Amino acid sequence: MRKAKRIAAIPPYVFAQMDKRKKELIAKGVDVIALGIGDPDLPTPEWVVEDMGRAIQKPPYYRYPDYEGAAFYRKAMADWYRHRFDVELDPANEVVALVGSKEGLAHLIWAFVDPGDTVLIPDPAYPVYRTHTLLTGGDPYMMPLLPENGFLPDFDAIPEDTRRRAKILFLNYPNNPTAAVADLDFFRRAVDFAKRCDLLICHDNAYAEMTYDGFRAPSILEVDGAKDVAIETYSFSKPFNMTGWRIAAAVGNAEAVAALGIIKTNTDSGQYTAIQEAAASAFDHDPEAFFAKMNRVYKGRRDVFVDGMNALGWEMEKPRGTFYVWVPVPQGQTSGGFAQVCLEKAGVVVTPGAAYGPNGEGFVRVALTVDEKRLREAVDRLAKAGVRYR
Ligand SMILES: Cc1ncc(COP(=O)(O)O)c(C=O)c1O
């Protein structure tokens, strides 16, 4: 078999590797506490499941879906953006349904990036931005996200010739993996930068609804004039516990939405209309009350974990967004080495930060996807294994 050269450029997908190792340990009888993958353990809202039961009975949905998403789904997204962010969207040309936001983020790169084009990518980041840039023959420029800058990129540090070659700027706040949040003022600066450099911003807003301590995550489209240069992805996966359903949307700049649509019509033929109907119904039953309930659960878990680790010598602040904690590794250890200690000595799976980019080195990511009791046990096991920050 002679595979394409571009495949060799792609590092193994970190979560697939971790899943393999976790399964090996479970098969050996180890009671593994899995804090590696950002996959909610809580159930999809019951009204969404009930709606799906009805939608699945509708024969028109057994045929090919509309490529760009059903009109009712695009309208539901536009209605939600008006209610949630005070952003007006034209459902006809500023909204496209996605088979999960991962799909849309990947295909957007194919719509914009020619070989040799630069893509501005946060470091560390969700791996898809970089991987698909490499697959298209593009050139990833990694923007360091550093603790001293609140894990926000420094646009002024991007060299002039890189700006000229750049086609897309990826942003993602609340952020995976650092759990940092950004306010509207940051997005204003980003929009201003994009206008000066004539590039498209893609804001990945997968964690918009997962915030704590009074923080409310904005949409980049709340910035005046953002629609001239920005597209945003919004996903049902994390806020509604629907990772398996594969449903999201890209909204914003009409030209970018149309370009993404061209790649999608030639690739995936859209998402099953019954899933679009069930997802749209998620907005019908006081979604904000549902998010508040979920966020109370995650906040409780966050507090148990961060307080527990701080008792072992860490000095972490509590993150105000996502369901991750970005944990600095003890001095003298690498993120991979520390993740291995957690797994082999305590049966606790965490993700090495280096898997998200060179500036992820020095951290591991913990996903708060088990209940408080299990998190307490995870911290106890780490303590018993002699793990301390200093
Ligand atoms: C930052 C970020 N973007 C996108 C995704 C993918 O979400 P979806 O399930 O909508 O494809 C994830 C999933 O972990 C993520 O962390």
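**Figure 1. The contact between domain 1 and domain 2 buries about 3,200 Å², and carbon and sulfur atoms give 62% of that area.** Buried area here is the accessible area (1.4 Å probe) that two parts lose on being put together, summed over both. In domain 1, the residues that lose the most area to domain 2 are Phe291, Arg320 and Thr322, together 22% of what that side buries. The model is predicted, so local features need pLDDT of at least 70 and side-chain atom pairs count only at pLDDT 80 or more, while totals for chains, interfaces and linings use all residues. Residues are numbered from 1 along each chain as its sequence is written, and side-chain values use heavy atoms, with hydrogens and water left out.

**Figure 2. The protein chain is divided into domain 1 (5-43 + 288-384) and domain 2 (63-285).** These bounds come from an automatic or database domain assignment. Taken over C-alpha atoms, the centres of domain 1 and domain 2 are separated by 25 Å. To their contact, domain 1 brings 32 residues and domain 2 brings 38 residues, where contact means heavy atoms within 4.5 Å. Between domain 1 and domain 2 the count is 1 salt bridge, that is, a side-chain nitrogen of Lys or Arg within 4 Å of a carboxyl oxygen of Asp or Glu.

**Figure 3. A network of salt bridges links Asp213, Lys299, Arg302, Asp303, Asp307 and Lys318.** Side chains of opposite charge can pair when their charged atoms come close. One pair to pick out is Asp213 with Arg302, whose closest N and O atoms are 2.9 Å apart. Another is Lys299 with Asp303, at 3.4 Å between the closest N and O atoms. Both Lys299 and Asp303 lie in helix H11 (residues 287-310), 4 residues apart, about one turn of the helix. Helices (H or I, at least four residues) and strands (E, at least two) are DSSP runs, numbered from the N terminus. Lys299 is partly exposed, at 31% relative accessibility, whereas Asp303 is buried, at 17%. For these words, buried means under 20% relative accessible area, exposed over 50%, and partly exposed in between (1.4 Å probe, protein chains only).

**Figure 4. Lys318 and Asp307 meet in a salt bridge, 3.0 Å from N to O.** This pair links distant parts of the chain: Lys318 sits in the loop between H11 and strand E9 (324-328), Asp307 sits in helix H11, and the two are 11 residues apart. Lys318 is partly exposed, with a relative accessible area of 33%, and Asp307 is partly exposed at 42%.

**Figure 5. Glu372 and Arg376 form a salt bridge within helix H13 (residues 372-384).** Their N to O distance is 3.7 Å, and they stand 4 residues apart, about one turn of the helix. Glu372 has a relative accessible area of 32% and is partly exposed; Arg376 counts as partly exposed too, at 46%. If you would like to browse further, a search of the whole structure finds 30 salt bridges.

**Figure 6. An open sheet of 7 strands runs in the order E2-E8-E7-E6-E5-E3-E4, with mixed pairing.** At its edges are strand E2 (95-98) and strand E4 (139-144), each of which pairs on one side only. Two strands pair if DSSP finds at least two bridges between them. On average, neighbouring strands of this sheet are turned by 20 degrees against each other, direction ignored. Axes are lines fitted to C-alpha atoms, for helices over the stretch in contact, and angles run from 0 to 180 degrees between N-to-C directions.

**Figure 7. Strand E5 (residues 166-171) is mostly covered, with 5 of its 6 residues buried.** Strand E3 (residues 118-123) runs parallel to E5, joined to it by 3 bridges, and Val119 stands opposite Ile168 in E5. E5 also pairs with E6 in the parallel sense, over 4 bridges, and here Leu171 stands opposite His203 in E6. Moving along the sheet, strand E6 (residues 200-204) and strand E7 (residues 230-235) pair in the parallel sense over 4 bridges; in E7, Ala230 is the bridge partner of Ile201.

**Figure 8. A second view of pairing shows an open sheet of 3 strands, ordered E9-E12-E11, with antiparallel pairing.** E9 and strand E11 (351-352) are at the edges with a single partner strand each, so one side of each is left without a neighbour in the sheet. E9 and strand E12 (residues 363-367) pair over 5 bridges, and Val325 has Val366 in E12 as its bridge partner. Helix H12 (residues 335-346) lies across E11 and E12 and runs at about 45 degrees to E12.
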